Each structure stands twice: as C-alpha cells, then as structure tokens.
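Here's a quick tour of a single chain, written for someone who likes cut-offs spelled out. Have the viewer open and follow along.

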Amino acid sequence: MANEVRDFSEMYGYSYEDLKEGMTAAVSRTVTDADILMFAGVSGDTNPVHLDAEFAASTMFGGRIAHGMLSAAFISTVFGTRLPGPGCIYLSQTLKFKAPVKVGDTVVARVTLTALKPEKRRAVFSTVCTVGSTEVLAGEAEIFLPPRG
C-alpha cells in the first residue's frame, strides 16, 4: 500500500474556475437535545441557558436555546460539503445572531456567492441561517480555493 497512488479527484468540490456569482447552496438540520449536549461537550460551553431548563425558563428566551455557534457550524457544513465543497479553506466569517434556536427547530443554512477575488483565488459569500421564515443568523464569509494538483 505504500506505493499506492490515490485519485483525490472525487474528494474535491467546485474548482475556482467553475464558480459564478449568485451560486447558492443550503443544508437543513433539525436541532435535537443530543446536538446541544454534544456541542456543549465538544466546545466546553456549558452556559445554563443551553443546558438547564429551569434556569433557561427564567431568561428572556423562556426556555433552553441552542448555542449560536451550533447554527454557525451548519454554514461550515455547506462550505465543506456543497459549495464550494471539499478542498476549500474557510478564511473568515462574520456573524450576527438575530433570534434563538430551540430544540426541535429546523435550521436551514444557506450560502450565496457574492464576489470573486481571482488574484487570490478567494470567494466571498453571504451566509444566512433561518428557522421557517425567521432569520436567526446572518453574516459574510471568505473562502480560499487552492489550485488542484
């Protein structure tokens, strides 16, 4: 196996040259209690607004909410699996958290290509997460697409 030649062509998403402004892609995920607990475990963010129903009931949210960064992670899912897809490198992300996400909510994370920077092989995307018609998160991301070879 040491001399095996691997074909990585199936592991790559769009090439930089294939990108066009206006392209969009999305993923959706229904947030479960397990998602929130696992995210707390991985991130170390054990804020009781996410984990303690009694505490969270006394907050402005009236109950437990998912970590905002969990919804932001769904944007990363779009980039790494759909557009531009495998092989891209996430460079930056701005985020504005606009509404809470609760257990049972289905989050749709959508990215839309808004600008190309050919001199640096970078692409700029608007990023939005919604629950139904409510925008829960918005921002902008910059992605690098390395040359293949």
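## Starting inside: Thr127

Let's begin with Thr127, which sits in strand β4. Strands here are DSSP runs of E with at least two residues, helices are runs of H or I with at least four, and both are numbered from the N terminus. Thr127 has 0% relative accessibility, so it counts as buried. The scale goes like this: buried is under 20% relative accessible area, exposed is over 50%, and partly exposed is in between, using a 1.4 Å probe and protein chains only.

Leaving aside neighbours within four places in sequence, Thr127 has a long contact list that includes Ile75, Phe79, Gln93, Thr94, Arg110 and Val111, as well as Leu137, Ala138, Gly139, Glu140 and Ala141. Contact just means heavy atoms within 4.5 Å. With Gln93 there is also a side-chain to side-chain polar contact at 2.9 Å. A polar contact is a pair of N or O atoms within 3.5 Å; within protein, one must be able to donate a hydrogen and the other to accept it, and residues adjacent in sequence count only if both atoms are side-chain atoms. For a sense of distance, the C-alpha atoms of Thr127 and Gly85 are 15 Å apart, with the two positions 42 residues apart along the chain.

## What kind of model this is

This is a predicted model, where local features need pLDDT of at least 70 and side-chain atom pairs count only at pLDDT 80 or more, while totals for chains, interfaces and linings use all residues. Residues are numbered from 1 along each chain as its sequence is written, and side-chain values use heavy atoms, with hydrogens and water left out.

## The next residue along: Val128

Val128 is also placed in strand β4. Is Val128 buried or partly exposed? At 23% relative accessibility, Val128 counts as partly exposed. Beyond its neighbours within four places in sequence, Val128 is in contact with Val108, Ala109, Arg110, Glu135, Leu137 and Ala138. Its C-alpha atom is 25 Å from that of Gly44, 84 residues away along the chain.

## Whole-chain numbers

The chain has four helices and five strands, and from the N terminus the order reads β-α-α-α-α-β-β-β-β. Its C-alpha atoms fill a box of roughly 55 × 40 × 20 Å along the principal axes. Of the 149 residues, 33% count as buried. Take the contacts with a separation of 6 or more: 66% of them come from residues 24 or more positions apart.

Accessible surface comes to about 8500 Å², and carbon and sulfur atoms own 55% of it; the areas are Shrake-Rupley values with a 1.4 Å probe, and for residues only the protein chains shown count as cover. On the charge side, the mean positions of the 14 positive and 16 negative charges are 4 Å apart. Lys and Arg count as positive and Asp and Glu as negative, with His and the chain ends not counted, and each charge is placed at NZ of Lys, CZ of Arg, CG of Asp or CD of Glu.

## The annotated span

UniProt, in an unreviewed entry, lists residues 21–121 for "domain: MaoC-like". UniProt positions are given in the numbering used here, feature names are shortened, and annotations may be inferred rather than shown by experiment. The span is 34% helix and 28% strand, and its end C-alpha atoms lie 14 Å apart.

## Backbone oddities and Arg121

Two backbone details deserve a look. Leu83 and Pro84 are joined by a cis peptide bond, with omega at about 0 degrees; Pro84 falls in the loop between α4 (68–81) and β2 (89–97). Arg121, although not a glycine, has a positive phi of about 55 degrees, and its place is the loop between β3 (106–117) and β4 (122–131).

Why does Arg121 count as buried? Because its relative accessibility is 19%. Not counting residues up to four places away in sequence, Arg121 touches Tyr16, Glu17, Ile143, Phe144, Leu145, Pro146 and Pro147. Its side chain makes a polar contact of 2.9 Å with the side chain of Glu17.

## Two more stops: Ser15 and Asp33

Ser15 belongs to the segment before β1 (24–30) and counts as buried at 14% relative accessibility. Outside the residues up to four places away, Ser15 touches Leu145 and Arg148.

Asp33 lies in helix α1 (residues 33–43) and is partly exposed, at 32% relative accessibility. Setting aside neighbours within four places, Asp33 contacts Arg64 and Val103. The side chains of Asp33 and Arg64 form a polar contact of 2.7 Å. Gly104 is 71 residues from Asp33 along the chain, yet their C-alpha atoms are separated by 8.1 Å.
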